[in-house]
Amino acid sequence: MDDPKMSVKSGSDGYLALRMELRSSITSFDYRDFVHLSFFMCFPLRLRYRMAVRRPGLIALFDVDGTLTAPRKGVTPKMLKFMQDLRKVVTVGIVGGSDLVKISEQLGSTVTNDYDYVFAENGLVAYKDGKLVGTQSLKTHLGDENIRDFVNFTLHYLADIDIPIKRGTFIEFRSGMINVSPIGRNCSQEERDEFEKYDKVHNIRGKMVEVLREKFAHLNLTFSIGGQISFDAFPQGWDKTYCLKYLDELEEIHFFGDKTYKGGNDHEIYESARTVGHTVRSPDDTIDQCTTLFLNKQA
Ligand SMILES: [Mg+2]
């Protein structure tokens, strides 16, 4: 992977560096070098630089929120420029939990062309080289009958829960998950805070998840209690590791995320045997770590 002959810079500096490298290696020249060199010299100079600069088989894959941007904020010009520079050296991809509309708001309307791979909704919507290569949804995966049974049972359960405040939007059906809130999603911030306190004492969400997990065991769902007022239900494996099925041909997958701890939405892909996981503290930390890993060797 780190073949010195491949670490060639572009431009006239690069050409000089290439000549110097060739000269310095001439003392330890054997027939394998000759084969490599003959192959290498077959291509026009410009093409040789383009081939040489990107490391084959390696991808740098990034979470969005907290990794490329501040949470729920847009990307900075500094980060955009950095990603463009990084893409000259390695294959670059992003994987976000949000849908493509939200990711485009954060990373720009040209996002699908700015990265080699773009995975929205953890990869349920997948783009490669600017083209849509795959979609998956809860509706297709579970089927209407299963979804109806789940919604019916959940609504009955919610109606029977004894909690002090109930508002509206108890079940939200999304393309990759079902979000369930015992108090209802359109409560006020004050009511959210109250519910969170109440739930800590009475374990409303925990008990409900236990019942649903047993009742719908045949659907192989994962339940995730997050935030203050709700929990998510989604098919097993529909976390960020879902996108890895599009990266089979890449041997070395470096993943960067901010929520890599247990229970965080980067945990599964960070822990996956297919990836080399990196925890970042902020977008600036992402730049620092990538500079050390991928750019310093080229400088
Ligand atoms: Mg994040």
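In this predicted model, helix α4 and helix α12 meet through a neat list of side-by-side partners: K78, M79, F82 and L86 come from α4, while P283, D284, T286, I287, C290, T291, F294 and L295 come from α12. Sorted by class, this contact has eight nonpolar, two polar and two charged residues. The two helices span residues 77-87 (α4) and 283-295 (α12), and their axes lie 11 Å apart at an angle of about 20°. Because angles under 35 degrees count as roughly parallel, α4 is roughly parallel to α12. As for handedness, α4 passes α12 in a left-handed crossing.

Next comes the metal site. The magnesium ion is held by three donor residues, D63 (OD), D65 (O) and D258 (OD), with coordination at 2.2 Å. Written along the sequence, the donors follow the spacing D-x1-D-x192-D. The pair D65 and D258 ties together distant parts of the chain, 193 residues apart. D65 sits in the loop between β1 (58-62) and α4, whereas D258 sits in the loop between β10 (252-257) and α11 (267-271). How buried or exposed is D65? Its relative accessible area is 28%, so D65 counts as partly exposed.

Zooming out to the whole protein chain, there are twelve helices and eleven strands. The chain has 299 residues, and 42% of them count as buried. Long-range links show up here too: among contacts between residues at least 6 apart in sequence, 60% join residues at least 24 apart.

Conventions. Residues numbered from 1 in each chain as written. Predicted model: local features only at pLDDT ≥ 70, side-chain atom pairs only at ≥ 80, totals over all residues. Heavy atoms only, no water. Axes fitted to C-alpha atoms, helices over the stretch in contact; angles between N-to-C directions. Helix = DSSP H or I, 4+ residues; strand = E, 2+ residues; numbered from the N terminus. Parallel < 35°, antiparallel > 145°, perpendicular 65-115°, else oblique. Left-handed = near helix turned anticlockwise from the far one by under 90°. Contact = heavy atoms within 4.5 Å. Nonpolar A, V, L, I, M, F, W, Y, C, P; charged D, E, K, R; others polar. Donors = N, O, S within 2.8 Å, 3.2 Å for Na, K, Ca; no water. Buried < 20%, exposed > 50% of the residue type's maximum accessible area, 1.4 Å probe, protein only.
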